[in-house]
Amino acid sequence: MTRTPPTTVTPVRLWRWRRNPLRRHSDVVEAWVVLVTWILVLVGGVLAGVLAAQATDAAFAARRAQLHQVSAVLTDGAVKTPPASTGYDDGRVWAAVRWTDKDGSVHTDRTKVFPGAPAGSRVTVWTDRAGRVVAAPVTGAAAGLQSALTGVLVAPSAGAAVWAAGWFVRGRLIRRRMAEWDEEWKQIGPRWGNFSGT
């Protein structure tokens, strides 16, 4: 029966920060660039996602504040069969409506209603400050979901942008270090050949 030798756990050493005669200043700078990049990727991505979600929610709230509901009357009966569906349709059809504002002015426009609605039916429409019929604002759970999805999409995008910037800076540091090593080798290389005894 063979015994397996005990495994030894070697501690992780952050060699770029510890004292070492081979450590160069560029090694320390590169280590800090990598550390700061990853911190900014994580913190910046989360912060960007939260800010984007809050901005989206604020935009929904601002849109809701600019619109108001009015009760309108169908001036003509709605068609009984909707046109061929394109896949994005909800089955409603366009019909003419009329409503009176608080100041007494009468407005007419077109809105979507369910097929077959008779003339004189009351429908609720959303209007803007100019008195035009607009789509209903996003509210409740739908607004919360869209705000959250916006944040979820923005967070990794912002993190990826920060990571790309850090990767670019690190690449420049590596190229600079290679150029320095090349210059040092040009000075030391010819002398190195003299140690071979030839």
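This is a short dialogue on reading salt bridges, an aromatic pair and a pocket in a predicted model.

Colleague: Let's start with charges. How many salt bridges does a search of the whole structure find?

Modeller: Side chains of opposite charge can pair when their charged atoms come close. Here the search finds five salt bridges.

Colleague: Which side chain meets arginine 177 in a salt bridge?

Modeller: That of glutamate 30, at 2.0 Å from N to O. Glutamate 30 sits in helix α1, residues 25-66, and arginine 177 in helix α2, so the bridge ties together parts 147 residues apart in sequence.

Colleague: Are glutamate 30 and arginine 177 buried or exposed?

Modeller: Both are buried. Arginine 177 has a relative accessible area of 9%, and buried means under 20%. Leaving out residues up to four places away in sequence, arginine 177 touches Ser26, Asp27 and Glu30.

Colleague: Which residues are linked with Glu30 in a network of salt bridges?

Modeller: Arg170 and Arg177.

Colleague: Where else should I look for a salt bridge?

Modeller: Try arginine 176 and glutamate 180, whose side chains meet at 3.6 Å, N to O. They are four residues apart in helix α2, so about one helical turn separates them. Arginine 176 is exposed at 56% relative accessible area. Glutamate 180 is partly exposed at 31%. Then take arginine 132 and aspartate 128, with their closest N and O atoms 3.0 Å apart. Aspartate 128 is buried, at 12%.

Colleague: Now the rings. How many aromatic pairs are there?

Modeller: The count is one. The rings belong to tryptophan 163 and tryptophan 167, with centres 6.4 Å apart and planes at 20°. Planes under 30 degrees apart count as stacked, so this pair is stacked.

Colleague: Where do tryptophan 163 and tryptophan 167 lie?

Modeller: In helix α2, four residues apart, so they are separated by about one helical turn. Tryptophan 163 is partly exposed at 40% relative accessibility. Tryptophan 167 counts as exposed, at 57%.

Colleague: Last, empty space. How much lies in the largest pocket?

Modeller: Rolling a probe the size of a water molecule over the atoms shows where empty space is left. In this model the largest pocket holds about 280 Å³.

Colleague: Which residues lie nearest the centre of the largest pocket?

Modeller: Of the 14 lining residues, Arg92, Thr111, Lys112, Val134 and Ala135. Strands β3 (106-113), β4 (122-127) and β5 (133-134) each give two or more residues to the lining.

Colleague: What is the lining of the largest pocket by class?

Modeller: Nine nonpolar residues, two polar and three charged.

How values were computed: Residues are numbered from 1 along each chain as its sequence is written. This is a predicted model: local features need pLDDT of at least 70, side-chain atom pairs count only at pLDDT 80 or more; totals for chains, interfaces and linings use all residues. Side-chain values use heavy atoms; hydrogens and water are left out. Buried means under 20% relative accessible area, exposed over 50%, partly exposed in between (1.4 Å probe, protein chains only). Contact means heavy atoms within 4.5 Å. On a 1 Å grid over the protein atoms alone, a cavity is a set of points where a 1.4 Å probe fits but cannot get out, and a pocket is an open set with protein on both sides within 12 Å along at least five of seven lines; lining residues have an atom within 4 Å of a point. Grid points are joined across faces, edges and corners, and a volume is the space filled by probe spheres set on the points. Ala, Val, Leu, Ile, Met, Phe, Trp, Tyr, Cys and Pro count as nonpolar, Asp, Glu, Lys and Arg as charged, and the others, Gly among them, as polar. Rings of Phe, Tyr and Trp (its six-membered ring) pair if their centres lie within 6.5 Å; planes under 30 degrees apart count as stacked, over 60 as edge-to-face and the rest as tilted. A salt bridge is a side-chain nitrogen of Lys or Arg within 4 Å of a carboxyl oxygen of Asp or Glu.
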